[in-house]
Amino acid sequence: MLMIMLGYRWRKAELLLPRTFTDAAAFTLLSCAIPIVYWFEVFVVMPRVFNSFFHVIHIFLGTFVLLNVITNFGMMVVVDTSTKGHIMPATVPHGWHVCAPCENVAPPRSRHCGICGCCVLKREHHCIFTGCCIGLYNHRFFVCFLVYMWLSTLYCSVVNAFFISPYIEEDRFWWTCIRIVLPGLWLIMNPSAETFYGFLFSLNVIGCLFLSVLLYYYTRQMLVNITTRERTDNCPISYDKGILHNIQKWIRSNWTDADTEEKRERERERGRERKKERETEREIHCLLYKCR
């Protein structure tokens with residue numbers, strides 16, 4: 001009911017789970033890492049770094065970020081952004097194309113995903129961590145998810161640096177670097193609570209760096225209203241209408257807006273055709289008048 005009120009469509013229950021081993025592994029890793037890191041930060045790190053008053057404040061902040069991460073992650077998974085359920089025209093309008101696997105007409109900027117087995121409206125990419133495609137309807141949740149994840153990992157990395165420093169300050173520099181760069185090796189060679197804390201610290205740092213790259217890349221594309229496929233294929237049609245307009249389109253997406261530029265081009269073409277018809281009619285009338 002909530003999804004209907006928000007104007008979204010559910011994905012079918014059998015399509016919610018990942019379909020490949022890679023998607024399933026990445027989905028499981030992220031689903032386990034988020035609650036484990038939350039437990040580590042709230043119940044292990046913060047009581048030792050902050051006093052009781054600031055500890056309570058950071059618990060509320062951490063819970064707020066966690067709820068936003070889970071909500072946006074869940075919306076990415078359950079929101080259906082495919083062409084299924086939409087009534088497509090019987091003919092192929094200008095700028096549209098026929099999807100051979102779907103055996104149906106697909107609007108501009110939509111692409112077929114072999115893993116999902118359907119055409120995705122304004123397809124951005126297939127996300128292995130959610131096991132589904134990022135498209136027109138769930139793109140905003142994807143970017144919000146990246147923002148909250150980046151903020152949380154950045155904050156945790158800074159706080160964890162104060163927490164973990166007593167455990168590594170007496171070691172030699174090269175061994176400390178190995179611990180940070182190869183946390184799994186450190187955990188295998190010396191399994192203990194301290195090495196597990198160091199493993200989670202390194203996981204936060206690596207995640208923060210990885211998310212920084214992703215956030216920069218996809219935010220830049222959002223601001224110019226272009227998808228990864230369009231950038232890779234050097235799409236000749238530009239959908240960039242300015243940063244403010246692009247952000248508004250990102251916030252309030254409608255699948256019928258995916259071919260706005262093509263609609264305008266078709267209207268311009270029809271206008272030119274009508275103008276030529278009127279000119280032809282005038283010429284015919286002039287010739288008939290002269291022939292009288």
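**Cysteines and surface patches**

In this predicted model, the number of disulfides comes to 0, a disulfide being counted where two cysteine sulfur atoms lie within 2.5 Å of each other. The case of C132 illustrates this result, because the cysteine sulfur closest to that of C132 belongs to C116 and lies 6.4 Å away, which is too far for a bond. The surroundings of the cysteines can also be described through their accessibility. C132 is buried, with a relative accessibility of 2%, whereas C144 is partly exposed, its relative accessible area being 26%.

On the surface, a nonpolar patch is made up of V49, L154, V158 and F162, which together have about 340 Å² of accessible area. Helix α4, which spans residues 139-168, supplies the largest share of this patch, namely 3 residues. V158 is located in helix α4 and is partly exposed, with 46% relative accessible area. Because membership of a patch requires over 30% relative accessible area, the value of 46% for V158 satisfies this part of the rule.

A positive patch is also found on the surface, where R270, R274, K275, R278 and R282 come together. Among these residues, R278 belongs to helix α10, which covers residues 260-291. With a relative accessible area of 44%, R278 is partly exposed, and this value therefore meets the requirement of over 30% that applies to residues in a patch.

Technical notes. Residues numbered from 1 in each chain as written. Predicted model: local features only at pLDDT ≥ 70, side-chain atom pairs only at ≥ 80, totals over all residues. Heavy atoms only, no water. Patch = residues over 30% accessible without salt bridge, like charges linked within 9 Å, V, L, I, M, F, W, Y side chains within 5 Å. Areas by Shrake-Rupley, 256 points an atom, 1.4 Å probe, with all protein chains shown as cover. Salt bridge = Lys/Arg side-chain N within 4 Å of Asp/Glu carboxyl O. Lys, Arg positive; Asp, Glu negative; His and termini not counted. Charge placed at Lys NZ, Arg CZ, Asp CG, Glu CD. Helix = DSSP H or I, 4+ residues; strand = E, 2+ residues; numbered from the N terminus. Buried < 20%, exposed > 50% of the residue type's maximum accessible area, 1.4 Å probe, protein only.
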